[in-house]
Amino acid sequence: MRLKDKIAIITGASRGIGRSIAELYAREGAKVVINYIRSEKEALAVADRIRKQGGQAICVKADVSKSDEVKRLVETTMKTYGRIDILVNNAGVHIAKDFFEVTENEWDQTIDINLKGAYLCSKEVAPIMLKQKQGTIINMSSNSGLYHPSAMRFTEYVASKAGMNGLTKALALRLGPHITVNAICPGFIKTEMVAEIDPSVQKMVLDETPLKRFGTCEDVANCALFLASDEAWFITGELLIVAGGRGMH
Ligand code: NAP
């Protein structure tokens, strides 16, 4: 019960990495807010599973790239639980296309969801955490944002995650001493997001990975648990790479 009675918002928790984080946080005693945009059935199923295991969860549909919807997400959380201890900016999209094929709309969508979404959610939640004099923000970045050449194929995605790394450090400086802000930079994690990436690229990723396997959502969730726990309270502004050693620095 490392997160007993903590209140956590996890954006994009209907599936993939976000779902694993929500389920693990709930098993560790947190009351969780499962945000989603399209996958209502999946989000409700996550909340249902958590409740059946004795945990507490609500689902809130909101587009993290729209400030009015983010406001509603945070207001609903406050009305239901009365405080916010943990924000995981996890919602994201990945357009597996070459630079010359990506449209302006796809560029805007990626930056808006992956980067502006984290800015909007942090801006809405930070005043509450500052009032509480306690809180932690975890940004789901990527090792694509760390200038590792073989992870830098998808231009708009790389730009959004490099921005996320900068946002993490700038917010850590701005929001201390009561709020910690860290990022997780996963490598290749088997979820729907990467299903469309060419099998030859997937093989190359595996060849470059010392631990010789793809990551799982649980690998990432375990790190998100550590960063949200009291054990991590002296860590801020850091990028935690979870990539089986691929592109180690
Ligand atoms: P995923 O399986 O595709 O899930 C993405 C989640 O984001 C879904 O819950 C989706 O909700 C939500 N979402 C998308 N747009 C949204 C919006 N505008 N507002 C609110 N929620 C939105 O992806 P994943 O692989 O778990 O990735 C999760 C995070 O990890 C992303 O930030 C991704 O960039 C990062 N990451 C992933 C990998 C990887 O290899 N998989 C590697 C590095 C970093 P709906 O289901 O409702 O659409």
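# Questions on a predicted model

Trainee: Lys 212 sits in the loop between H6 and H7. This is a predicted model. Is Lys 212 buried or exposed?

Mentor: The cut-off for an exposed residue is a relative accessible area over 50%. Lys 212 has a relative accessible area of 51%. Its class is therefore exposed.

Trainee: What is phi of Lys 212?

Mentor: Lys 212 is not a glycine, yet the sign of its phi is positive. The value is about 55°.

Trainee: Which value does phi of Tyr 147 take?

Mentor: Tyr 147 belongs to the loop between E5 and H5, and its relative accessibility of 59% makes it exposed. This residue is again other than glycine, with a positive phi. That phi is near 60°.

Trainee: Which peptide bond is cis, with omega near 5°?

Mentor: The second residue of the bond, Pro 177, is in the loop between helix H5 (155–175) and strand E6 (179–186). The cis bond with omega near 5° runs from Gly 176 to Pro 177.

Trainee: How many disulfides does a search of the whole structure find?

Mentor: A disulfide requires two cysteine sulfur atoms within 2.5 Å. For Cys 59, the closest cysteine sulfur is that of Cys 121 at 16 Å, so the distance is too far for a bond. For Cys 223, the closest is that of Cys 185 at 11 Å, which is likewise too far for a bond. The number of disulfides found is 0.

Trainee: Is Cys 223 buried or exposed?

Mentor: The limit for a buried residue is under 20% relative accessible area. Cys 59, at 24% relative accessibility, is therefore partly exposed. Cys 223 has 18% relative accessibility, so it counts as buried.

Trainee: Which helix gives the most residues to the lining of the largest cavity?

Mentor: The structure has 1 cavity of 30 Å³ or more, and the largest cavity holds about 50 Å³ of space. Its lining includes Thr 11, Val 64, Asn 89, Ile 113, Gly 117, Cys 121 and Met 164. The greatest contribution, 5 residues, comes from residues 104–132, that is, from helix H4.

Trainee: How many charged residues are in the lining of the largest cavity?

Mentor: The lining comprises 6 nonpolar and 5 polar residues. The charged class is represented by no residues.

Trainee: How many charged residues are in the lining of the second largest pocket?

Mentor: About 190 Å³ of space lies in the second largest pocket. Among its 13 lining residues, Ala 26, Gly 29, Gly 54, Gly 55 and Gln 56 are the closest to its centre. The lining has 4 nonpolar and 5 polar residues, and the number of charged residues is 4.

Trainee: Where does the largest share of the largest nonpolar core come from?

Mentor: Of the 35 residues in the largest nonpolar core, Ile 10, Ile 21, Tyr 25, Val 32, Ile 34 and Ile 184 touch the most other members. At least two residues of this core come from each of several elements, including strand E1 (7–10), helix H1 (16–27), strand E2 (31–36) and helix H7 (217–228). The largest share is 8 residues, supplied by H7.

Trainee: How many residues does the other core hold?

Mentor: Another core lies apart from the largest nonpolar core. Its members include Val 33, Val 64, Leu 73 and Ile 113. The size of this core is 31 residues.

Trainee: Which residues does Ala 224 touch, not counting residues up to four places away in sequence?

Mentor: Ala 224 is part of helix H7. Its relative accessibility is 0%, so it counts as buried. With residues up to four places away in sequence left out, Ala 224 touches Ile 21, Tyr 25, Ile 138 and Ile 184.

Trainee: How far apart in space are Ala 224 and Asp 198, C-alpha to C-alpha?

Mentor: The two residues are 26 residues apart in sequence. In space, their C-alpha to C-alpha distance is 28 Å.

Trainee: How far apart in space are Val 205 and Asn 89, C-alpha to C-alpha?

Mentor: Val 205 lies in helix H6 (residues 199–207), and its relative accessible area of 4% makes it buried. Not counting residues up to four places away in sequence, Val 205 touches Phe 188, Phe 214 and Arg 246. Val 205 and Asn 89 are 116 residues apart in sequence, and their C-alpha to C-alpha distance is 25 Å.

Terms used:
Residues are numbered from 1 along each chain as its sequence is written. This is a predicted model: local features need pLDDT of at least 70, side-chain atom pairs count only at pLDDT 80 or more; totals for chains, interfaces and linings use all residues. Side-chain values use heavy atoms; hydrogens and water are left out. On a 1 Å grid over the protein atoms alone, a cavity is a set of points where a 1.4 Å probe fits but cannot get out, and a pocket is an open set with protein on both sides within 12 Å along at least five of seven lines; lining residues have an atom within 4 Å of a point. Grid points are joined across faces, edges and corners, and a volume is the space filled by probe spheres set on the points. Helices (H or I, at least four residues) and strands (E, at least two) are DSSP runs, numbered from the N terminus. Ala, Val, Leu, Ile, Met, Phe, Trp, Tyr, Cys and Pro count as nonpolar, Asp, Glu, Lys and Arg as charged, and the others, Gly among them, as polar. A nonpolar core is a set of buried Ala, Val, Leu, Ile, Met, Phe, Trp, Tyr and Cys residues joined through side-chain atoms within 4.5 Å. Buried means under 20% relative accessible area, exposed over 50%, partly exposed in between (1.4 Å probe, protein chains only). Contact means heavy atoms within 4.5 Å.
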